[in-house]
Amino acid sequence: MPQLFVTTRKGEERSVEFEPGSTAMQAIYDANFADILALCGGVCSCATCHIYVDPRFVEALPKMSADENDLLEGSSHRNERSRLSCQFRLSPELDGLRVTIAPED
Ligand code: FES
């Protein structure tokens with residue numbers, strides 16, 4: 001199975017196997033990372049699934065929607081690598097993706 005590598009807010013990295021087609025949020029949440037709350041269940045209304053994507057993968061991800069962009073605008077921790085992990089699905093091509101969970105707002 002393909003995997004992604006997730007760094008927690010404490011700087012610990014763990015690998016997570018993912019089912020292609022699942023969202024990054026679901027894969028991280030199912031692996032019991034306490035830092036990802038995903039309070040809205042993945043409908044782009046809470047931003048508690050905010051992650052930073054390794055620069056090498058930013059271009060490989062699906063484009064950000066206007067809704068995702070608007071919600072991230074409200075985060076004081078947004079940067080050029082920010083994504084909401086519920087807003088893109090993982091494909092086999094994203095095997096090896098590295099992400100870091102963003103600080104809590
Ligand atoms: S889980 Fe709420 S915006 Fe992603």
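Read along the sequence, the elements come in the order β-β-α-β-α-β-β. That amounts to 2 helices and 5 strands in the protein. The model is a predicted one, and the tour below goes through it stop by stop.

**The whole chain**

Start with everything shown. Taken along the principal axes, the C-alpha atoms fill a box of roughly 35 × 30 × 25 Å. The radius of gyration is 12 Å, which agrees with the value near 13 Å for a compact globule of 105 residues. Colour by burial next: 43% of the 105 residues count as buried. The exposed surface comes to about 5700 Å², and carbon and sulfur atoms supply 47% of that area. Among contacts between residues at least 6 apart in sequence, 63% join residues at least 24 apart.

**First strand: β1**

Select residues 3–7, which form β1. This strand is mostly covered, with 4 of its 5 residues buried. β1 has two pairings to look at.

Add residues 13–17, strand β2, which runs antiparallel to β1 and is joined to it by 5 bridges. Within this pair, leucine 4 has valine 16 as its bridge partner. Between the two strands of the hairpin there are 5 residues, and in this hairpin glycine 11 takes a positive phi near 90 degrees.

Now hide β2 and show residues 98–101, strand β5. In which sense do β1 and β5 pair, parallel or antiparallel? They pair in the parallel sense, over 3 bridges. Here valine 6 of the pairing stands opposite valine 99 in β5.

**The nonpolar core**

Show the side chains of Leu4, Ile28, Leu90 and Leu97. Of the 28 residues in the largest nonpolar core, these four touch the most other members. Four elements give two or more residues to this core: β1, α1 (24–30), β3 (50–53) and β5. Of these, α1 gives the most, with 4 residues.

Centre the view on isoleucine 28 and display what surrounds this residue. Which residues is isoleucine 28 in contact with, leaving aside neighbours within four places in sequence? They are Leu4, Val6, Phe33, Ile36, Ile51, Val99 and Ile101. Leu4 and Val6 have already appeared on this tour, Leu4 as the bridge partner of valine 16 and Val6 opposite valine 99.

**The loop between α1 and β3**

Move to the loop between α1 and β3, where two residues deserve a stop: alanine 38 and cysteine 44. As background, most residues other than glycine have a negative phi. Alanine 38 has a positive phi near 50 degrees and is not a glycine. Cysteine 44 also has a positive phi, of about 60 degrees, although it is not a glycine.

Are these two residues buried or exposed? Alanine 38 has a relative accessible area of 11%, so it counts as buried. Cysteine 44, at 16% relative accessibility, counts as buried too.

Keep cysteine 44 selected and add cysteine 86. The sulfur of cysteine 86 is the nearest cysteine sulfur to that of cysteine 44, at 5.6 Å. A disulfide needs the two sulfur atoms within 2.5 Å, so cysteine 44 is in no disulfide. For the model, the count of disulfides comes to 0.

**Aspartate 54**

Select aspartate 54, in the loop between β3 and α2 (66–73). Its relative accessible area is 13%, so aspartate 54 is buried. Show the arginines around it: leaving aside neighbours within four places in sequence, aspartate 54 is in contact with Arg81 and Arg98.

**Glycine 96**

The last stop is glycine 96, in the loop between β4 (82–84) and β5. Glycine 96 is buried, with a relative accessible area of 19%, and the cut-off for buried is under 20%. Beyond its neighbours within four places in sequence, glycine 96 is in contact with Gln3, Phe5 and Phe57.

To finish, draw a distance between the C-alpha atoms of glycine 96 and glycine 11, the hairpin residue visited earlier. The two glycines are 85 residues apart along the chain, and their C-alpha atoms are separated by 18 Å.

Conventions. Residues are numbered from 1 along each chain as its sequence is written. This is a predicted model: local features need pLDDT of at least 70, side-chain atom pairs count only at pLDDT 80 or more; totals for chains, interfaces and linings use all residues. Side-chain values use heavy atoms; hydrogens and water are left out. A nonpolar core is a set of buried Ala, Val, Leu, Ile, Met, Phe, Trp, Tyr and Cys residues joined through side-chain atoms within 4.5 Å. Buried means under 20% relative accessible area, exposed over 50%, partly exposed in between (1.4 Å probe, protein chains only). Contact means heavy atoms within 4.5 Å. Two strands pair if DSSP finds at least two bridges between them. The radius of gyration is taken over C-alpha atoms; the globule rule is 2.2 Å times the number of residues to the power 0.38. Accessible areas come from the Shrake-Rupley method with a 1.4 Å probe; for residues, only the protein chains shown count as cover.
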